[in-house]
Amino acid sequence: MLLIFQVCFFVGVGLTIMSFVFGNLFEAAGIDGLDFDFDVLGLDLFLPISPTLYVLFFTVFGGVGWILEESYPAMVIIIILIIAIISGILVSSLVYYLVIKPLKKAQNTSAPTSEELVGVRATVTGTIFLGGYGEISYVVKGNSFTSPAKATNGGEIKVGKDVAICWIEE
C-alpha cells in the first residue's frame, strides 16, 4: 500500500511542477475542466471535473497516506485510507471554495467583450453633438461603465436619453 501512496504523491507533485513550468498545461491544451455547481437546500455543492483538483486530491491523498503509514505502522490500513481520502477531499474542497470559485467569479465580472456590448441599453451622460462624440454609461454584469459614443445617424442626442449600443469601432 505504501507504493500506491508514493506513486500518487510523486505523480501529483510531478504534474503540478509540469503545469507550473509549462504555463497552465491543461488550459493550453483546452482541457481546463468543467465545474458543475448545484444548490441543494441552500448548500453550494459542486461536482468538479477539473484536472487541477484531481491532481491536488491525489497529491494530498498520497502524501497523507504515506506519512501515516510510515509514522504509525501498527495503524489499520482501512483507517489510513479513510483519513487520506478525507484529507484529499477536504483540501481539494477548500482550494475550490477559497481560491478557484472566487477567481471564476472575479473573471465573470471583468470587462465585457465587444460582442457582449452590442444591443446593451445605455444612457447618454454627455451630449452627443451633431457629427461628433459624447458619452454613454451602461451596466453589464452588475458593473457600470462609461464610453465615448457617436450617433449612428450623425445626429445630436441629449443627456438622459436611452440608447442602445449598435456596434463598436476602435
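In this predicted model, Ile157 sits in the loop that links β5 (143–149) and β6 (162–164). Its C-alpha atom is 5.9 Å from that of Thr127, a residue 30 positions away along the chain. With neighbours within four places in sequence set aside, Ile157 is in contact with Val124, Thr127, Ile128, Ala151 and Val163.

Several of these partners recur in the largest nonpolar core. This core has 12 residues: Leu117, Val120, Ala122, Val124, Ile128, Ile136, Tyr138, Val140, Ala149, Ala151, Val163 and Ile165. Strands β3 (121–126) and β4 (134–140) each supply at least two of its residues. The largest share, 3 residues, comes from β4.

Ile128 belongs to this core. Neighbours within four places in sequence again set aside, Ile128 is in contact with Tyr133, Gly134, Glu135, Ile136, Ala149, Lys150, Ala151, Gly155, Glu156 and Ile157. Another core lies apart from the largest one. It has 7 residues, among them Phe5, Phe57, Leu68 and Ala84.

In soluble globular proteins, nonpolar side chains tend to be buried together. A nonpolar patch is nevertheless found on the surface of this model. It is formed by Met1, Ile4, Val76, Ile77, Ile78, Ile79, Ile82, Ile83 and Ile86. Together these residues have about 760 Å² of accessible area. Helix α4 (residues 77–108) provides the largest share of the patch, 6 residues. Met1, also part of the patch, lies in the segment before α1 (2–21). Met1 counts as partly exposed because its relative accessibility is 39%, between the limits of 20% and 50%.

Notes. Residues are numbered from 1 along each chain as its sequence is written. This is a predicted model: local features need pLDDT of at least 70, side-chain atom pairs count only at pLDDT 80 or more; totals for chains, interfaces and linings use all residues. Side-chain values use heavy atoms; hydrogens and water are left out. A nonpolar core is a set of buried Ala, Val, Leu, Ile, Met, Phe, Trp, Tyr and Cys residues joined through side-chain atoms within 4.5 Å. Buried means under 20% relative accessible area, exposed over 50%, partly exposed in between (1.4 Å probe, protein chains only). Helices (H or I, at least four residues) and strands (E, at least two) are DSSP runs, numbered from the N terminus. Contact means heavy atoms within 4.5 Å. Patches are made of residues with over 30% relative accessible area and no salt bridge: like charges are joined within 9 Å, nonpolar side chains (Val, Leu, Ile, Met, Phe, Trp, Tyr) within 5 Å. Accessible areas come from the Shrake-Rupley method with a 1.4 Å probe; for residues, only the protein chains shown count as cover. A salt bridge is a side-chain nitrogen of Lys or Arg within 4 Å of a carboxyl oxygen of Asp or Glu.
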